Amino acid sequence: MSTSLFPLSPRDDLLRVYRDRRLSDISGPNAVIDIAKVRSNAQAMLATVKELQVSFRAHVKTHKTLEITRIQVGESCDDVRLIVSTVIEVEQLLPLLLEYQSRGAKVNVLYGVPLGPSQVARLAELGKQLGASSISAMVDNIGQLEAVKQYRSISGHPICVFLKTDSGYHRAGLGPDSREMISLVSEVTKTEKQGYLNLLGFYSHNSLSYGGSSPDDAMEMLKVEIEVCRQASAHLHPDRVEPLIISVGASPTVLSLQNIVSPATVRSSAAKDLIAELQLTKSGFELEVHAGVYPLFDVQQVAACSREFSTDPYDTIACTILTEVCSLYPNRTEQPEALVSAGCLALAREPCKEYPGWGILTPWNMPADYGSDKSARIIISRISQEHGILGFEDTSAKRELPLQYGQKVCIWPNHACITLAQFGWYLIVDSSTESPDTVRDVYVRWRGW
C-alpha cells in the first residue's frame, strides 16, 4: 500500500520522450547517468572485496533504482546484502529480492535508521514475504527492543539486529565503552535468548572520512571504525559461540581498500596498518564493508582523495545535471557571469571543501581546451531556488566566459545522494559506445519514505 501512495513516473512514456535523443537536444534540468562509469565503479568495488575476502553490503539510497542495485550486487550474487534509508526502498526492492531468492540466493536488507515503532509493521510484512533472516534493524537504544518484539509478533520470526556503534561522527549510535552500550549489549543478549532477535553484530559509519584529503586519511579512518566495533564487541559474554559481523564503512573509507589491492610496490604505514587490522579482525569476526555513493561518485568523493587514480578522478563521476545557459552577464560584476536554469532544487545546496561553489561545469559540450587549465575552471558560484550563477573559480584574472546563450551544459554535483533526490528519473547514457551522449534508457527513481 505504501508504494501506491508514491506512484512512479511511467517509464514507457519517458522512453518515448527521451530514448535515442542527444543530450544537446533535451531540455533541463535533467539528471544524467553514464552507465559505463557506474559499471566500472561497481565492478572495481566487487573485485576489491573479493580479493580481500571481506563481505559487502551495498547501500541503495543514492540512486534508489532496481537497475543500479543489480549492478552493485552482481547478477550472479548468492549473498545479497543491502542497506536502505527508508522503508519504501525495501518495498520497491521486493520483486528483485524475491527474484534473487528464487535462484537460491540469501537476501538480507538492513534498515539503516535506528528502529522507530512506526516502521515495524511495514518491515514485518516484508519479512513475512521474504522469510526469516531477511530483514535487519539498527538498534542503539534499549527502548527499541519493544519494537523488535513487535516485529516477531507480526512476522512470526525474529528480526536480525546490528548494534549501532559511534566512531566519532555522532549522528547515531553509542560509544563503544559507554554505559549505554554496555547496558544495551546486556539487554540485547537477554532478548536474543528469549527468541525475539538474532544479533548479527556491530555496525559503524563515519562520515568524518569525507573530510580527509589523502588515501592515508581514509585508511586510518576505516581502521578506527573497525577498532570501535571490536571494542564494543568486548562487552559480549566471552562464551558466545555465534560468529558476529563487524560492518564498517562509508564510501571514502571503503574506496580506500582499493589502495591495498593495487599493484603498487611501496605501501604507506597506514596501508600496512590497515592490512594488519583486516587480518586481525577477520580472525575473530566476519568483516563486512558497506558503501553507497561509490557507483555514481561525486565532487565530494574526488575531494576526499581516498584512493589513487591513474586518470583524472573527475572522469569517475557517473552523474551530471544537464541544464542550459539562459543569460550572459559579461560586465554586470567585476567577473563575467552566466545564468543556468539549475538552482538548489536541481543541484542541492551541499558544500564541498575543495572549492567555494555548488557544482562544477564539466567539459561536455565545451570548447576542446576547457579543462586543460584548472585555473580556468567554471563553477556554480551562487545558487537560488531555480537559478545557478556560473563564474570562474579563480577570480584573479579578467577573461571571457566560453559560453553562449542557449548552450546546453552539464554540471558535476557536489553530493550525488542529495542531488539525485531532486529528480524522478535519470537519463541513461553510455560513454563506452560510439554515441556517448545519446540517451539509451530511462531509470525511474523511487519516491517517498
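The chat below goes over how two domains of a predicted model meet.

Visitor: Which domains does the assignment give for the protein chain?
Guide: The chain has domain 1, covering 36–304, and domain 2, covering 313–444. This is a predicted model.

Visitor: How far apart are the centres of domain 1 and domain 2?
Guide: Their C-alpha centres are 33 Å apart. The contact draws on 25 residues of domain 1 and 28 residues of domain 2.

Visitor: And how much area do domain 1 and domain 2 bury between them?
Guide: About 2100 Å², with 64% of it on carbon and sulfur atoms.

Visitor: Which residues in domain 1 lose the most area to domain 2?
Guide: Lys37, Val299 and Gln300 do, and together they make up 29% of what the domain 1 side buries.

Visitor: Switching to polar links. How many salt bridges are found across the interface of domain 1 and domain 2?
Guide: The count of salt bridges there is 0. Polar contact is found, however, in 11 residue pairs across the interface of domain 1 and domain 2, both residues being at pLDDT 80 or more.

Visitor: Which helices supply at least two residues of the side of domain 1 that touches domain 2?
Guide: Helix H2 (35–52), helix H3 (66–73) and helix H11 (299–304) each do so.

Visitor: Which gives the most to that side?
Guide: H2 gives the most, with 5 residues on the side of domain 1 that touches domain 2.

Visitor: What about nonpolar, polar and charged residues on that side of domain 1?
Guide: The side of domain 1 touching domain 2 has 11 nonpolar, 8 polar and 6 charged residues.

Methods. Residues numbered from 1 in each chain as written. Predicted model: local features only at pLDDT ≥ 70, side-chain atom pairs only at ≥ 80, totals over all residues. Heavy atoms only, no water. Domains from an automatic or database assignment. Contact = heavy atoms within 4.5 Å. Buried area = accessible area lost by both parts, 1.4 Å probe. Salt bridge = Lys/Arg side-chain N within 4 Å of Asp/Glu carboxyl O. Polar contact = N/O pair within 3.5 Å; in protein donor to acceptor, adjacent residues only side chain to side chain. Helix = DSSP H or I, 4+ residues; strand = E, 2+ residues; numbered from the N terminus. Nonpolar A, V, L, I, M, F, W, Y, C, P; charged D, E, K, R; others polar.
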